[in-house]
Amino acid sequence: MRKGAVGFMDPLISIVMVNYNKEMYIEEAIKSVLEQTYTNWELIIVDDGSTDDSVNIIRKYQGMDDRIKAIFRKENSQICVVTNIGFGQVKGEFVARIDSDDVWLPQKLEKQLAYLEVHPEGGLCFTKLDIIDENSKNINDELPDLYKAYNSRRNQEEWIRHFFFCGNTLIQSSLLMKREVLDSIGNFNVAYMQGHDFDFFTRAIRKYQFIFLEEPLTWYRRTGNQNSGSNETNDRRFFNENMNIRYHYFDDMEDELFIRCFHGDFVNPESVSHEEILCEQAFLLCKCIQGEVDNPVLGLTKLERLLNDPRTGDILQNKFGYCPKDYYKQSVQKLFYTEEVQKKINILSYDLNVQMHINKSLEAKNAELYAECEELKQQVQGMLNSRSWRVTKPLRKVSKMVGK
């Protein structure tokens with residue numbers, strides 16, 4: 001085992017990497033771990049049944065460094081299953097995640113660990129990141145909105161609101177967290193294929209502070225395949241997973257934390273009791289879906305139960321002025337639709353706006369041409385009425401005859 005600059009008393013960092021058919025990038029990812037200035041780590045690589053040359057690359061580096069531990073799955077099981085297998089093997093006081101196509105700069109772990117020691121209030125530490133392409137070229141300027149989103153910073157209350165109303169903008173590969181976070185909130189939810197990190201972060205932020213090291217120590221790769229990965233199937237699954245995560249968003253959130261984060265959205269600003277908070281959460285769930293069309297389906301599923309409980313039923317009517325008739329008005333809406341429908345609405349709205357813009361441009365052009373035509377008419381009329389036009393009339397007549 002290689003020895004580094006750190007002493008043997010430095011805490012062990014367990015790094016979990018999962019891989020599926022990333023032969024083009026995994027070697028660069030592994031090398032970036034080997035080149036860390038902090039050397040007291042273990043790298044747990046779980047290969048999810050790769051069919052390319054990934055396995056041979058992993059075996060090569062496993063033979064070079066006994067800090068690398070590899071698990072090879074015969075069949076593909078998807079990211080949550082294999083990540084949880086990796087989590088089950090960690091022995092360190094701290095845990096890091098790196099995707100097999102991302103890259104760390106050499107001082108990432110050392111600087112993050114030092115930052116966590118200076119900021120003990122933090123449970124999870126993220127670094128700033130740069131976006132790279134297939135060739136490891138920096139493409140921050142080509143994707144400015146994504147770059148800004150990935151490097152956004154908020155406090156606990158702001159993150160809780162952001163996750164609820166907008167979604168996730170944090171990248172796992174930039175993360176180093178205390179082992180106690182895993183022990184407290186649990187592993188990835190295997191029900192989520194695309195929203196697993198979103199769900200994990202929403203559970204973590206309820207109990208732990210997120211802190212941010214403002215140095216670009218992580219390279220997050222965006223490839224052509226990844227950029228084109230949006231299709232009806234993936235979009236539908238992503239939407240459904242996000243809906244389900246939001247449905248359970250308040251399940252174990254303390255009332256005091258909910259009040260701190262969402263009091264400005266309360267229907268009744270005087271709500272303080274647990275039953276009143278349950279009602280506020282249901283009303284909030286009626287409007288958590290982004291888009292131009294309100295869809296209260298998540299909130300109605302909560303309100304159904306609250307209406308049928310005598311305690312909360314009375315509170316809904318007396319404190320919020322909400323009764324079954326109000327529920328009926330909401331339930332008559334089209335509640336069950338996917339993001340595809342919203343996309344079609346957005347496309348049609350965009351096309352309509354474009355057409356209206358074109359029509360306005362044409363109207364302006366027509367008005368301009370009409371004014372020009374009227375001006376030319378006046379000029380012609382002026383010429384016809386001029387003395388020179390009348391004097392030269394015989395000459396024009398002769399010219400026509402000669403031309404024949």
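Before I turn to the structure, one definition: a polar contact is a pair of N or O atoms within 3.5 Å, where within protein one atom must be able to donate a hydrogen and the other to accept it, and where residues adjacent in sequence count only if both atoms are side-chain atoms. What we have on the screen is a predicted model, in which local features need pLDDT of at least 70 and side-chain atom pairs count only at pLDDT 80 or more, while totals for chains, interfaces and linings use all residues. Residues are numbered from 1 along each chain as its sequence is written, and side-chain values use heavy atoms, with hydrogens and water left out.

Let me begin with the chain. It holds 18 helices and 8 strands, where helices (H or I, at least four residues) and strands (E, at least two) are DSSP runs, numbered from the N terminus. Of its 404 residues, 43% count as buried, and by buried I mean under 20% relative accessible area, with exposed being over 50% and partly exposed in between, using a 1.4 Å probe and protein chains only. Contact here means heavy atoms within 4.5 Å, and among contacts between residues at least 6 apart in sequence, 76% join residues at least 24 apart.

Next, helix α6. Seen from its residues, this helix is largely enclosed by the rest of the structure, because 7 of its 10 residues are buried. Those buried residues are Q156, W159, I160, H162, F163, F164 and F165, and they pack against α8 (196-205), β8 (209-221), α10 (232-247), α11 (255-262) and α12. At the start of α6, a side-chain oxygen of N155 comes to within 3.2 Å of the backbone nitrogen of E157, and just after the helix G167 takes a positive phi of about 125°.

Following the chain onward, we come to S174, in the loop between α6 (156-165) and β7 (175-178). S174 counts as buried because its relative accessibility is 2%, and its side chain makes a polar contact with the backbone oxygen of I171 at 2.8 Å. Once neighbours within four places in sequence are set aside, S174 is in contact with K108, Q112, C125, F126, T127 and T218. One of those partners, C125, is itself buried, because its relative accessibility is 0%.

How many disulfides are there? A disulfide is a pair of cysteine sulfur atoms within 2.5 Å, and by this rule the count is 0.

Finally, the second largest pocket. On a 1 Å grid over the protein atoms alone, a pocket is an open set of points where a 1.4 Å probe fits, with protein on both sides within 12 Å along at least five of seven lines, and lining residues have an atom within 4 Å of a point. The volume of this pocket is about 190 Å³, and of the 14 residues that line it, the closest to its centre are F250, L278, Q281, K302 and R305. Helices α12 (274-285) and α13 (297-308) each supply at least two residues of the lining, with α12 giving the most, 6 residues.

Q281 belongs to helix α12, and it counts as buried because its relative accessibility is 8%. Leaving aside neighbours within four places in sequence, Q281 is in contact with F250 and F258, while its C-alpha atom is separated by 9.8 Å from that of D265, 16 residues apart along the chain.

Key:
Points joined across faces, edges and corners; volume = space filled by probe spheres on them.
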